[in-house]
Amino acid sequence: MALIFGNGSLKVCKSLPTSIATQSAPLFLGFVDFQNGGIAMNTCKTFTNDLANPKIYTCGSAKFIRPNWLRMLHASKGNEEYTESLKKLCNIFISYSKIDIEPFLQKSRLELSPSLVEQVLRKFENAGMQAFTFFKWADKQQRYTHSVEAYHIIIGSLGRIRKFELIWVLINDMKGKGILTQEAFSLVIKWYARARMDKEAIETFKNMGKFGLSPDLASFNNLLIALCKCKYVRRAQEIFDEMMVEYVPDLRTYSIMLEGWGDERKVNKVREIFQEMIDRDCEPDIVVYVILMNAFCKGGKIEEAVKVLDEMRSRGCKPNLHAYSVLVHAYGSNKQIAEALDIFEKMKKDACALDTPTYNALIGAFCSASEIDGAYRTLEEMERSGVSPNSRTYNIILAYLIKHDRTEEAYDVFRRMVRRNCDPDAKTYTMMIKMFCNGDQVDMALDVWNQMSQKQFCPTSENLYVLINGLCDRGKIKKACKFFEEMIEKGIQPPATTYKRLQNVLLDAGNEDVLKYLTEKMKLLTKAPSDYS
């Protein structure tokens, strides 16, 4: 318990974060109740949530911004209760389809908090309409108001399945509540770009003003990022040139364009952008130098990347682990493993605290050079040094083994990954399922799928496509239909390619009635709930 005093501005004792702010507050004396995660005041008994902004609380005429630490305390109400609530919600998601989920949510009688809802939405961000059903159910519950972050997460879920009409309903909902953010618009732009809808992405940026938001340089940069990440670099360059007067580019803007052209392996364009940046008196920092090195390496100009490293040192900019890792990866991709090892050993001699991405770069270098034993040695050294491998670490090794048809060895690595408590990601599961399906080991592919379900990992559309495609290739039409139906029942929008593949198999087998049934069910279950469209 810690005392808080204030008169017009908030003063906090040393044991509290100083991020709490107040506006025009009366004199008050209060304390933070750590057990209940709330604040009690002697000048008013209630400390209520401002519906227009879930992060603002009021007490009389005082207004407070709720800091993250307090929000987490309030959300938890004791770790055990919080964890149990999370488990119950996850079990409901896993066990029931979209049609069934709302009654079971209602029966759960769980007390919701912003943190709990956010965590569930993040865990099931691939669940499409099922996640949206949960979002709408939560919105109806008493004593609960969606946080801005919850809106951001569900916009991402809907963006993955291209439900842009619902996204705009959410945007208008946020606007009506006075909580619309620049980040929400950046997310819409991002998902339009990923859906190969660049015109809509650009129009969304230009229409921000109609929603009461003034696009700034940060928003402009986010537009360029979205376009460049989705291979619209030329269009991004056109926008950059058109709007340069209105949005004066900063170092971040130039770094985005450098990275975009670097990914396209347009080394001359990278040089041109870098020179323009220098001419405009934008002094490169470590981030820009690393992007420049990476661009040269991707363009096959490793020597120029080394020169950039030397220039960094001459300008007093000390290279970081990322800079060295770029060279390790580049040498490995070029099958120059000796040079990659030299860079790695230099980092160790310079007393650099090697991290997971750095080790991953060397493991990738060994795999690129077809020296898998070196990759295993590096993995063991990594663990001995107390650096934890991540899913990327194992995915690099798995990709090599699968490419070289070393199925049993790959499965051993997968099991080792699980034993070491490193959670497989969507890419891991996709690789393993595809490997077993291609090797005519459908039962093993299904076993991996079951492991995924046991871990309450919500499958992505790519996971779904790979499994259904593999089952179709092996003539397992009934099982393919079963998984297709299960996914649409959970509100996950199947990719068009998945549906087309199943359609062709069913038509070839003369099962038009099954196709019609699945098609109608898909239309019914992946549309918006009737009360929110």
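What percentage of the 533 residues of the chain count as buried? I looked this up before anything else and noted 51%. I record here that the model is predicted.

**Entry: the chain overall**

I listed the secondary structure and found 27 helices and eight strands in the chain. I then turned to the contacts between residues at least 6 apart in sequence, and I noted that 61% of them join residues at least 24 apart.

**Entry: α11 and α12**

I examined helix α11, residues 233-242, together with helix α12, residues 251-263. Their axes come within 10 Å, and I noted a crossing angle of roughly 155°. An angle over 145 degrees counts as roughly antiparallel, and therefore I describe α11 and α12 as roughly antiparallel to each other. The crossing in which α11 passes α12 is left-handed.

I next asked which residues of α11 and α12 meet. On the α11 side I found V233, R234, A236, Q237 and F240; on the α12 side I found T253, Y254, M257, G260 and W261. By class, I recorded six nonpolar residues, three polar and one charged in this contact of α11 with α12.

**Entry: P424 and T428**

I located P424 in the loop between α21 (407-419) and α22. Is P424 buried or exposed? Its relative accessibility is 4%, so I entered P424 as buried. Leaving aside neighbours within four places in sequence, I found P424 in contact with F414, M417, V418, Y429, K455 and F457. I also checked P424 against M452, which is 28 residues away along the chain, and noted 8.6 Å between their C-alpha atoms.

I placed T428 within helix α22, residues 426-438. T428 has 0% relative accessibility and therefore counts as buried. With neighbours within four places in sequence again left out, the contacts I listed for T428 are S391, N395, L398, F414 and M417. I note that F414 and M417 appear in the list for P424 and also in the list for T428.

**Entry: α26**

I looked up the span of helix α26, residues 496-508. This helix has 13 residues and reaches 18 Å from its first C-alpha to its last, which I found close to the 18 Å expected at 1.5 Å a residue.

Which residues of α26 are buried? I listed T498, Y499, L502, Q503, V505 and L506. As background to the spacing in that list, I recalled that an α-helix has 3.6 residues a turn, so residues three or four places apart point the same way. Just after α26, I noted that G510 takes a positive phi of about 75°.

Definitions and conventions: Residues are numbered from 1 along each chain as its sequence is written. This is a predicted model: local features need pLDDT of at least 70, side-chain atom pairs count only at pLDDT 80 or more; totals for chains, interfaces and linings use all residues. Side-chain values use heavy atoms; hydrogens and water are left out. Axes are lines fitted to C-alpha atoms, for helices over the stretch in contact, and angles run from 0 to 180 degrees between N-to-C directions. Helices (H or I, at least four residues) and strands (E, at least two) are DSSP runs, numbered from the N terminus. Angles under 35 degrees count as roughly parallel, over 145 as roughly antiparallel, 65 to 115 as roughly perpendicular and the rest as oblique. A crossing is left-handed if the near helix is turned anticlockwise from the far one by less than a right angle, and right-handed if clockwise. Contact means heavy atoms within 4.5 Å. Ala, Val, Leu, Ile, Met, Phe, Trp, Tyr, Cys and Pro count as nonpolar, Asp, Glu, Lys and Arg as charged, and the others, Gly among them, as polar. The expected span of a helix is 1.5 Å times one less than its number of residues. Buried means under 20% relative accessible area, exposed over 50%, partly exposed in between (1.4 Å probe, protein chains only).
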